There are 2 protein chains.
Amino acid sequence: MHLEKVKVVSGSVRRLLRRNAYGNAARLLLKLRPGDISLIMQRLNLREQLQLFTLVAQKDRQLAAEALNDLGVERGVELVADLEGLEISQILQELETDDRAAFITALPQKLAEEVLEVMRPAELVQTQGLLQYEEETAGRIMTPNVFALEERLSVGEAAQTIQESSDFEMVFYLYVVDERKHLVGVISLRQLLTVHPSTPLEKIMSTDLISVDTATDQEEVASQVALYDLLAIPVVDHENKLVGVITVDDVIDVIQDEATEDILHLAGVEADDNVHATARNSVSKRLPWLFVNLFLALMAASVVYFYEATIGQLPILAAFLPVVAGMGGNSGTQALTVMVRSLALGEVSWKNARGVLAKEVAVGVSNGLALGLVAGTVGYWWSPASDLRVGIAFGVAMLATIFLSGVLGAIIPMVLKRLNIDPAIASGIFVHTLTDVIAFFSFLGLASFFLFPMQS
Amino acid sequence: MHLEKVKVVSGSVRRLLRRNAYGNAARLLLKLRPGDISLIMQRLNLREQLQLFTLVAQKDRQLAAEALNDLGVERGVELVADLEGLEISQILQELETDDRAAFITALPQKLAEEVLEVMRPAELVQTQGLLQYEEETAGRIMTPNVFALEERLSVGEAAQTIQESSDFEMVFYLYVVDERKHLVGVISLRQLLTVHPSTPLEKIMSTDLISVDTATDQEEVASQVALYDLLAIPVVDHENKLVGVITVDDVIDVIQDEATEDILHLAGVEADDNVHATARNSVSKRLPWLFVNLFLALMAASVVYFYEATIGQLPILAAFLPVVAGMGGNSGTQALTVMVRSLALGEVSWKNARGVLAKEVAVGVSNGLALGLVAGTVGYWWSPASDLRVGIAFGVAMLATIFLSGVLGAIIPMVLKRLNIDPAIASGIFVHTLTDVIAFFSFLGLASFFLFPMQS
């Protein structure tokens, strides 16, 4: 119901920009939500974005800051990169501490230092508080302004406290702490409405609560929030003192980022590449992996050297060679992708690996037999003078390659995970190289055996 | 803080099962959250899971039902598949309507009908209400029990109503409707605490609210919840009457499922394959795509036929052939994956396509030049008697293939999306086939031109 309105405004904004009426366009944006502004800005070029952003920021700095945040850190940084440190600092001051910290991390180091230098002391202290934690941990993505009630309060006093505090937007869980700030319980806002005001909090709070450590990996945080259907999760330090809270909207960002990271890694792209990255940036995120692959592909291709004579005798073999290798790559990619995703979702572990492997063996044999049979028939039929030897070599090589690539595709990600190497990044390279070698050796080896039975 | 406890219990459960002490193991599970039980069950085999599940269900049917739900629909269905219709029905009755509908959709049709036949009338009506909507729409995933307040109520009366209604667990947004159930506003629970009880709701409610239609695609629902940082989104029918609500925990499931779907589709696997699927199931989800690919790879390979004579003369060309094709495949996969993910996240549209394409052209030229240079050098150096012609053919073919595969990888997903075909499923097949053809023609064409300059 809401997006239609946004589309209408978006059309008007674009028409106004075509007439260079930036002031009028900015006035339209000022009536929208930050998310809407980010949607509209996405469709403009960088120059238009910057002009509009500056105009909006002059009228409503907080709105501009949140729209910037909704654009995403990468593109937000690109947008503000040419502004003065002071201007950036003033804008970032309007953001929640965790978002501010994420932005500052993404800025070029020199600019980040400038921005911190001119930041208001209160925001500076909070930001530096988060920056001391490792990237991608709970400490880094939490909001330190967490609303907590002391356990000795009554329900009536708690309600009073909530009414008086306006700084905390998201109060659906109310965390309860003891006099030394240790996290001891949780109550819901709704409970406050349904019991007598004189009831002490400790009587109604639940003490069986789920919390994470500042050092907990953000992926782990997200999977707990998802598993237990939480709206927020409290963060404690090593003494179990409440130091922050992570809300579900931040968890959604983590889930999307981690999925994007895995998708891109599986395709051999460093995370953070996207359609709006500069060409130079994209090259730096794709070329290294292509070089590694070229090197490995050439290594694998050197297998073909041994069989030069065979190919010289029967050049048609060269047509089947990329087919076997390609099909092995496809089947290996299928198995490894299923495995990598299952590992990411926590559906498989070293402990139930045996069953998983047994299944991939069965899948590999079935797929290999089916494809091997078809490949063998085509090979026989397409070869000069319908050469049965070519058919058998092609069919058997296909079976062997499909089977082994599937099994390797299942094993390699698990082994890498066990060695603490990101399976999404590294699995493909191993699986493809090994698959190429298997394909070349099996196909050309068999063909040579048939053509030159004495020498093999 | 919580997961350590779960790990300890998990260890105890496994020890008890080894001694066949199922009753004791079930008693341990009864003290846990449903999500914890699902975590522990994941590490057991199907027989153990079923025995434990049955024992838990005897003591606490709701806990068992929710644990089943947390296991995920696919594996949950596998687990209950051998139970009687009545038993399944009794368990599913304990779930929220949306979860129940999802389960029933996943059951084999005959069993689903049996389950519905014996369901309590109240639950049956609600379930059938959801099942009338299309799969993967807001109507299908919403909870129809939405808590709504009439606009004519005062804040005090509203608070009273909330205290009296115990059926609605998640009340953080309170939707306000007129006397004919049209959605007219929203207030937060917190506002009720902070204004005078005699204030009428219409005075304090916000009327600028975001809602979705029953027919809205679930991916669109998820992206709105994520963009506006909502905890829930109301669902209205075509008359703007409030018919349900989708909470953020369901949105997280949608986001994870859609990401999984895209990841698997990109690898040529039908969604829903996972490490716990049966081998037969996995074969049916992977083999069709492998057949399509075999067919297309053979089509592409037929290009090599034209150049049999060239290969016969210089068999070493066969070693470079899979390298060019493979590198084109890699570079195409990189570009198309970045594009598919950006399309899924709504970062790119037909309207800003030109800039995106220009960038891929630049990336393709850079990567192509870098890799072409290296490939050319290696080709020259590895060929018999350091044949410059092989080096040039290999280098230029590499440049052309990398460049064109990158550009195709960017264009094809956009075109498919425009034609309403899922780009994650279909892009790879087009890109890889075209890339193979480009690689074979450019490399062998150039090599032939150099070897037999007269005939080409």
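## Exercises on a predicted two-chain model

The domain assignment of chain A lists domain 1 (2-136), domain 2 (148-247) and domain 3 (279-451). The model is predicted. Over C-alpha atoms, the centres of domain 1 and domain 3 of chain A are 47 Å apart.

### Exercise 1: the two copies

Work out how chain A is related to chain B.

**Solution.**
- Step 1. Superpose chain A on chain B. This takes a rotation of 180°, with 0.0 Å of shift along the axis. The RMSD is 0.1 Å.
- Step 2. Interpret the rotation. The two copies are thus related as by a two-fold rotation axis.
- Step 3. Compare the surfaces. Of the interface residues of chain A, 99% are also interface residues in chain B, so the copies meet through the same surface.

### Exercise 2: the contact

Describe the side of chain A that touches chain B.

**Solution.**
- Step 1. Count residues. Chain A supplies 95 residues to the contact, and chain B supplies 95 residues.
- Step 2. Find the main contributor. Helix H19 (residues 317-344) of chain A gives the most to this side, with 18 residues.
- Step 3. Sort by type. The side of chain A that touches chain B has 54 nonpolar, 26 polar and 15 charged residues.

### Exercise 3: one helix, two faces

Find which residues of helix H10 (residues 121-131) of chain A are buried, and how they are arranged.

**Solution.**
- Step 1. Pick out the buried residues. They are Gln126(A), Thr127(A) and Leu130(A).
- Step 2. Look down the axis of H10(A). The buried residues fall within an arc of 100°, so they line one face of the helix.
- Step 3. Find their neighbours. The buried residues of H10(A) pack against helix H8 (97-106) and helix H11 (138-141) of chain A.
- Step 4. Turn to the face away from the buried side. This face of H10(A) carries exposed Pro121(A) and Val125(A).

### Exercise 4: a covered strand

Place strand E2 (residues 173-177) of chain A among its partners, and say where its side chains point.

**Solution.**
- Step 1. Check burial. In E2(A), five of five residues are buried.
- Step 2. Sort directions. Tyr173(A), Tyr175(A) and Val177(A) point one way from E2(A), while Leu174(A) and Val176(A) point the other way.
- Step 3. Recall the rule. Side chains in a regular strand alternate between the two faces of the sheet.
- Step 4. Take the parallel partner. Strand E1 (residues 148-150) of chain A joins E2(A) through three bridges. Ala148(A) has Tyr175(A) as its bridge partner.
- Step 5. Take the antiparallel partner. Strand E3 (residues 183-188) of chain A pairs with E2(A) over five bridges. Leu174(A) has Ile187(A) as its bridge partner.
- Step 6. Inspect the hairpin. Five residues lie between E2(A) and E3(A), and Lys181(A) takes a positive phi near 70°.

Conventions: Residues are numbered from 1 along each chain as its sequence is written. Chains are lettered from A and ligands numbered from 1 in the order in which they are written. This is a predicted model: local features need pLDDT of at least 70, side-chain atom pairs count only at pLDDT 80 or more; totals for chains, interfaces and linings use all residues. Copies are superposed by least squares on the C-alpha atoms of residues with pLDDT of at least 70 in both. Two residues are in contact if their C-beta atoms, placed from the backbone, lie within 7 Å. A residue is buried if 20 or more other C-beta atoms lie within 10 Å of its own, exposed if 12 or fewer, and partly exposed in between; C-beta atoms are placed from the backbone. Helices (H or I, at least four residues) and strands (E, at least two) are DSSP runs, numbered from the N terminus. The arc is that of the directions from the helix axis to the C-beta atoms. Domain bounds come from an automatic or database domain assignment. Ala, Val, Leu, Ile, Met, Phe, Trp, Tyr, Cys and Pro count as nonpolar, Asp, Glu, Lys and Arg as charged, and the others, Gly among them, as polar. Two strands pair if DSSP finds at least two bridges between them.
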